[in-house]
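Here are some friendly notes to read alongside the model. Take the points one at a time, and find each residue on screen as you go.

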Amino acid sequence: MCIVCPPSTDRSSLAPVGNIDQTFRGNLVTTDAVATSSYAQQDSVPLRNRSRSDGALAAIPNGDQQVTSAQLAQHSTEDDCWLVVKGKVYDVTGWSEQHPGGRVIATYAGKDATDVFACFHAATSWAQLKQFYVGELVDPQPVPPLLADFRKLRSQMQQQGLFRCSKGYYIYKLASNFLLLGSAIAFFALWNDSLWAYILSACLISLFWQQSGWLAHDFLHHQVFRSRRTNDLMGLLIGGVCLGFSADWWKTKHNTHHAAPNELDHDCKAALDPDIDTLPLIAWSVEMLETLPNASHRMLVRAQHYFFFPILLFARLSWCQQSVAHAYTLSKSQKHGWDEMLCLIVHYTWYLGLVFSHLSLGRGLLFVLMTQMICGFFLSIVFVQSHNGMEVYSTEKDFVTAQVVSTRDIVSGVWNDWFTGGLNYQIEHHLFPTLPRHNLGKIQSRVQQLCEKHGLLYEKCGMAVGTVRVLQRLAHVASFA
């Protein structure tokens, strides 16, 4: 989630924040954090110089206003959006149209957003809050021990330099990834008459796409460079040219997922997290069944555990279609939409040019379908391990609890760490989204201790066990459809 984003930042960043420059928007992006805790900054800010919902202020005196929790709760929609950061109330109504993170800002309307703001914004963003300032929250709730310990842990990590990345690591990751592509092209070009070379080449290209996705993810979380612009550019190029996904489409979707993992709307039970917005094909909780409009949709859900794996094969095709549609729509209204379109055009030019310069139309189409389906499975089997089968909730939770109860870690190992792009440390990533991939394992034991101390279930298992638990959840929900 990104609320206020300055045009530039440096290594003192604390969390992902989108670039206000119109070339790149809507990303969960940050650079590295400094030792000074973000929670201790900006103890006082000037009065707001404007309100974005002045009509809602009629009952509150102008100036340095005193706001109660009851008054805050009255401003809990996207059209009337107040939130709290470190005991101060801000009116961000209407900001979602300019907000680099998009409409995700509304997920914390009427709530305390201190921890999510600190995790997803640069240190310089604190000063930007003054333009939205309403006043002080006069009856703040005491900081729960869990959040106090979490903030202490984050400060310790900052002091230890864990938010600084190893450039050598990412040079290695880029080089090894392009080695996959080079190997795929070699098998494809030199031995395309061999069935096994044909299949192996398809698998290698699929792995290249998958690993490109993990790299784009790291860059767009601003884990690598000091400059957000450079991170965004790398994410745009790797995501668009290599993988074939719109970076802006992914960022918009991913922002909301981080802000509301596995969360449902309290009233209508619709998915707030786009990653579980999979109806009418898949329902991840019994509550979600309430949103199904008729019996035919329930019939689909009754069989969801049987056709789950076939659906995964077509995931990439769906995401590619959404990416092209998003970039095309964006290009009609915003200049950087053309950057997205250009990257996608380059992707399909090199990929389809490679295929049809060596294969007949029929064999080429078969190869295209094979690579799309294999990559769809490689990507989605990692995604489903992370959150599916974990708690789906519609009640309000604090930032740490929401991330932990909805997330699963997969045991570490050479293969798992590589194949999942470090997303097997999903709990750690969700708590510290700007922590470089190569440092996630270094904090796992400390996160486990934090969860154990405060009675939070920390789920960690092998990939096979995780898959079984996902299928068990699907079968359980299907039995109620």
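1. Start with Lys453, which is exposed in this predicted model. The relative accessible area of Lys453 is 60%, and Lys453 counts as exposed because that value is over 50%. Lys453 forms a salt bridge with Asp149, and the closest N and O atoms are 2.9 Å apart. Now look at where the partners sit: Asp149 is in helix H4 (residues 145–159), while Lys453 is in helix H17 (residues 444–453). The pair links distant parts of the chain, with the two positions 304 residues apart in sequence numbering.

2. A word on the idea behind such pairs: side chains of opposite charge can pair when their charged atoms come close. How many salt bridges does a search of the whole structure find? The search finds nine.

3. Next, try Glu391 and Lys397, whose side chains meet in a salt bridge at 3.2 Å, N to O. Glu391 is partly exposed, at a relative accessible area of 33%. Lys397 is also partly exposed, at 26%. Both count as partly exposed because values from 20% to 50% lie between the limits for buried and exposed.

4. Glu459 and Arg408 make another salt bridge, at 2.8 Å from N to O. Are these two residues buried or exposed? Glu459 is buried, with a relative accessible area of 12%, and Arg408 is buried too, with 1%. Glu459 belongs to strand S7 (residues 459–461) and Arg408 to strand S6 (residues 408–410), so this pair, 51 residues apart, links distant parts of the chain. Salt bridges with shared partners also bring in Arg469, joining Arg408, Glu459 and Arg469 into one network.

5. Now step back to the whole chain. The protein chain has 18 helices and seven strands. Of its 481 residues, 55% are buried. Among contacts with a separation of 6 or more, 71% are between residues 24 or more positions apart.

6. Which residues have the most contacts inside the largest nonpolar core? They are Trp209, Phe245, Trp284, Leu289, Phe308, Phe367 and Phe419, in a core of 60 residues. Several helices each supply at least two residues of this core, among them helix H5 (167–190), helix H12 (336–356) and helix H18 (463–478). The largest share, eleven residues, comes from H6.

7. Trp209 is a good residue to zoom in on. Leaving aside residues up to four places away in sequence, Trp209 touches Cys242, Leu243, Arg316, His347, Trp350, Tyr351, Thr371, Gln372 and Cys375. There is also a second, separate core of 44 residues, which includes Val116, Phe117, Trp126 and Leu440.

8. Ala118 is placed in helix H2 (residues 114–120). Ala118 is buried, with a relative accessible area of 1%. Try comparing two kinds of distance here: Ala118 and Val85 are 33 residues apart in sequence, and 8.8 Å apart in space from C-alpha to C-alpha.

9. Let us turn to empty space. Rolling a probe the size of a water molecule over the atoms shows where empty space is left. The second largest pocket holds about 1100 Å³ of space. It is lined by 46 residues, and the closest to its centre are Lys253, Pro274, Asp275, Trp319 and Phe383. Elements giving two or more residues to this lining include H6, H7, helix H8 (247–259) and helix H16 (426–431). By class, the lining has 25 nonpolar, 17 polar and four charged residues.

10. Finally, check some backbone details in the loop between H8 and helix H9 (295–302), where Pro280 is found. A cis peptide bond joins Leu279 and Pro280, with omega at about 10 degrees. Asn262 is in the loop between H8 and H9 as well, and has a positive phi near 60 degrees despite not being a glycine. Asn262 is buried, at 1% relative accessible area. Lys269, also in the loop between H8 and H9, has a positive phi of about 65 degrees, and Lys269 is not a glycine either. Why does Lys269 count as buried? Its relative accessibility is 11%, and buried means under 20%.

Conventions:
Residues numbered from 1 in each chain as written. Predicted model: local features only at pLDDT ≥ 70, side-chain atom pairs only at ≥ 80, totals over all residues. Heavy atoms only, no water. Core = buried A, V, L, I, M, F, W, Y, C linked by side-chain atoms within 4.5 Å. Buried < 20%, exposed > 50% of the residue type's maximum accessible area, 1.4 Å probe, protein only. Helix = DSSP H or I, 4+ residues; strand = E, 2+ residues; numbered from the N terminus. Contact = heavy atoms within 4.5 Å. 1 Å grid on protein atoms, 1.4 Å probe; cavity = no way out; pocket = protein on both sides within 12 Å on 5 of 7 lines; lining within 4 Å. Points joined across faces, edges and corners; volume = space filled by probe spheres on them. Nonpolar A, V, L, I, M, F, W, Y, C, P; charged D, E, K, R; others polar. Salt bridge = Lys/Arg side-chain N within 4 Å of Asp/Glu carboxyl O.
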